[in-house]
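User: I am new to this structure. Please walk me through it with short questions and answers.

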Amino acid sequence: MPAPLSPLAPAPEAVPVPPGGVRTAAAPGAGPLPGAAAAPDAVPRKQLQRHSVRGQVLAALREALISGELRPGEVYSAPALAVRYGVSATPVREAMQLLAGEGAVEVAPNRGFRVAERTHRDLAELAEVRAMLEVPALLRLARTLPAERWEELRPLAAAGVAAAARGDRAGYAEADHAFHHALLALTGNRQLLQVADDLHRRAQGPVPGGPAPRTAELLAAASEHTALLDALMAREDAIVERIAREHLSPARRPH
């Protein structure tokens, strides 16, 4: 039996669905996720709200996957998760389909979604491919970008340190993703950015058979972002390459 997901909201009560509206669920004693309500007379607004609910569910599912609350190898149904989150099954299915496209879950026909099991080999191969893409890109940027462009990324590095200091594993994972996304966005190569984002998402999740990272390990990984920016600003190519490769190594992976 799959381990129950800690509820974000009590079990929902059914509510009427307005004509053409988006089905949501109301939780006793607590409102639905922000943006879950749909106005029956504003079609564009309802569409935006539906995307908002799906986005919030997607973020909550990512957090549960990264923390290990949704366990690798277990199957979870969209209706059961919908009850936990206080929404309808539709945004949960949509979010799970997006996660399936990232390789985080697999479709289990007539049952729901199975959380993907990452092996140490999977993580090592993902780290190798990420290094093949990211390190050369960073070295090219280091030779051309002025220091002030790297300085603009300091707030993203600081966000990672703050999340790590709180011991917030999921928060650090999102900050890490945002930092690497911003780094590679400076190349102006949309295809590289898309591929790198996908690889990064696939590499997230619990380390197979390993304990949850401690706050000190999260802080060590977060501090590498700051050290990398320092090296990039100084145009120290050898240091940039060393920090980037160590940071991407599965042996140093805190999430």
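User: Which residue is the bridge partner of Val-105 in β5?

Analyst: This is a predicted model, where local features need pLDDT of at least 70, side-chain atom pairs count only at pLDDT 80 or more, and totals for chains, interfaces and linings use all residues. Residues are numbered from 1 along each chain as its sequence is written, and side-chain values use heavy atoms, leaving out hydrogens and water. Strands are DSSP runs of E with at least two residues, helices are runs of H or I with at least four, and both are numbered from the N terminus. In β5, Val-105 has as its bridge partner Val-115.

User: How many bridges join β4 to β5?

Analyst: Strands pair if DSSP finds at least two bridges between them. Strand β4 covers residues 105-108 and strand β5 covers residues 112-115, and the two run antiparallel. Glu-106 is bridged to Arg-114 in β5. The number of bridges joining β4 to β5 is 4.

User: Which residue in the turn of the β4 and β5 hairpin has a positive phi?

Analyst: The hairpin leaves 3 residues between β4 and β5. One residue in that turn has a phi of about 65°: Asn-110.

User: Which strands stand at the edges of the sheet?

Analyst: The open sheet has 3 strands in the order β3-β5-β4, with antiparallel pairing. Each edge strand has a single partner strand, so one side of it is left without a neighbour in the sheet. The edge strands are β3 (75-76) and β4.

User: At what angle does helix α3 run to β4?

Analyst: Helix α3 spans residues 89-101 and lies across β4 and β5. Axes are lines fitted to C-alpha atoms, for helices over the stretch in contact (heavy atoms within 4.5 Å). Angles run from 0 to 180 degrees between N-to-C directions. The angle to β4 is about 120°.

User: Where does α4 bend?

Analyst: The bend is the angle between axes fitted to the seven residues ending at a residue and the seven starting there. For α4 that angle is about 30°. The site is Ala-131.

User: Which helices do the buried residues of α4 pack against?

Analyst: Buried means under 20% relative accessible area with a 1.4 Å probe, counting protein chains only. The buried residues of α4 include Leu-123, Arg-130, Ala-131 and Glu-134. They pack against α5 (147-151), α7 (169-185), α8 (190-203), α9 (215-234) and α10 (237-248).

Notes
Buried means under 20% relative accessible area, exposed over 50%, partly exposed in between (1.4 Å probe, protein chains only).
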